[in-house]
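Here is a short set of exercises to work through with the model open on your screen. Try each task before you read the solution.

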Amino acid sequence: MKPLIAAFTIALSMIAAPVASPQSMSLAGTWKATEVTLTGPGGGTFTNVANLTLLTARHFARVEVRTDAPRPMIADPAKATADEMRAAWGPFFAEAGTYEISGGELTMRPIVSKNSAAMNGSAFTVYAVTLSGDTLTLTSKRNQAGPLPNPATIKATRIE
């Protein structure tokens, strides 16, 4: 009888545990940000987020637009002014690289990035990570320069 109770207790705890432990967390899939909260000057919570992140077992690729305003259309890039190019491309963000999870933290290391400074081989960002069902929450903590003074929190939903 005791082995049956123990087995039932273990099974129940596995079903009832809503948050995955960092060691068992599988982030593989396609994620769409649903909410981004920025702190510090110009901070706020944004729910109209254009973002897509793809995660495999060890690699990531993500693209996003960091503005609520529509980006201007550039009819002829060869004739566009620097201000027109900045308005169109400045809010666009893209990078891909590797990631690992350890002790409740997700560390992302870009290999390719729109920001060439992130491709120096030593750039990284560390996030506190929680996974509850198909909802992923990331809060930025630090990067290669040290602790982040104005952390951002990203909530995303697994869409595939």
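**Exercise 1. How many cavities of 30 Å³ or more does a search of the whole structure find, and what lines the largest cavity?**

Solution. Keep in mind that this is a predicted model.

Step 1: run the search over the whole structure, and one cavity of 30 Å³ or more turns up. The space in the largest cavity comes to about 150 Å³.

Step 2: list the lining. Going along the sequence, the wall of the largest cavity is made by W31, A33, N51, T53, L55, R62, L106, M108, L136, L138, I154 and A156.

Step 3: sort those residues by class. Nine are nonpolar, two are polar and one is charged.

Step 4: map the lining onto the strands. At least two residues each come from β1 (29–38), β3, β6, β8 and β10 (152–158). The top contributor is β3, with three residues.

**Exercise 2. Take M108 from that lining: is M108 buried or exposed, and which strand holds M108?**

Solution. Start with the location: M108 sits in strand β6. Next, look at its accessibility. The relative value for M108 is 5%, and the limit for buried is under 20%, so M108 counts as buried.

Now check a partner in space. T98 is ten residues from M108 in sequence, and the C-alpha atoms of the two are 6.0 Å apart.

**Exercise 3. Describe the largest pocket: how much space does it hold, and which residues lie nearest its centre?**

Solution. First the volume: about 850 Å³ of space lies in the largest pocket.

Then the wall. The lining of this pocket counts 38 residues, and those nearest the centre are R62, E64, R66, F93 and Y127. Eight elements are worth finding on screen here, as each gives two or more residues to the lining: β1, β3, β4 (59–65), β5 (92–102), β6, β7 (125–132), β8 and β10.

Finish with the classes: 20 of the pocket-lining residues are nonpolar, twelve are polar and six are charged. R62 is worth a second look, since R62 is named in the lining of the largest cavity and also among the residues nearest the centre of the largest pocket.

**Exercise 4. Which residues does E105 join in one salt-bridge network?**

Solution. Begin with the total: a search of the whole structure gives nine salt bridges.

Step 1: pair E105 with K141. Their side chains form a salt bridge, with an N to O distance of 2.6 Å. This one ties together distant parts of the chain, as K141 is in strand β8 (residues 135–143) and E105 is in strand β6 (residues 105–113), 36 residues apart.

Step 2: pair E105 with R142. Here the closest N and O atoms are 3.0 Å apart. Again distant parts of the chain are linked, with R142 in strand β8 and E105 in strand β6, 37 residues apart.

Step 3: put the two together. The shared partner makes one network out of E105, K141 and R142.

Step 4: check the exposure of each member. E105 counts as buried, at 18% relative accessibility. K141 is partly exposed at 35%, and R142 is partly exposed at 30%.

**Exercise 5. What is the closest N to O distance in the salt bridge between D76 and K79, and how exposed is K79?**

Solution. The closest N and O atoms of D76 and K79 are 4.0 Å apart. For K79, the relative accessible area is 68%; exposed starts over 50%, so K79 counts as exposed. D76 has 33% relative accessibility and is partly exposed.

**Exercise 6. Which residues make the nonpolar surface patch of about 320 Å²?**

Solution. Look for L52, L54, V63 and I159: these make the patch, with an area of about 320 Å². Pick L52 to check. L52 lies in strand β3 (residues 50–55) and, at 35% relative accessibility, counts as partly exposed.

**Exercise 7. How many helices and strands does the protein have, and in what pattern do they follow along the sequence?**

Solution. Count two helices and ten strands. Reading along the sequence gives α-β-β-β-β-α-β-β-β-β-β-β. To round things off, 28% of the 160 residues in the protein are buried.

Definitions and conventions
Residues numbered from 1 in each chain as written. Predicted model: local features only at pLDDT ≥ 70, side-chain atom pairs only at ≥ 80, totals over all residues. Heavy atoms only, no water. Buried < 20%, exposed > 50% of the residue type's maximum accessible area, 1.4 Å probe, protein only. Helix = DSSP H or I, 4+ residues; strand = E, 2+ residues; numbered from the N terminus. Patch = residues over 30% accessible without salt bridge, like charges linked within 9 Å, V, L, I, M, F, W, Y side chains within 5 Å. Areas by Shrake-Rupley, 256 points an atom, 1.4 Å probe, with all protein chains shown as cover. 1 Å grid on protein atoms, 1.4 Å probe; cavity = no way out; pocket = protein on both sides within 12 Å on 5 of 7 lines; lining within 4 Å. Points joined across faces, edges and corners; volume = space filled by probe spheres on them. Nonpolar A, V, L, I, M, F, W, Y, C, P; charged D, E, K, R; others polar.
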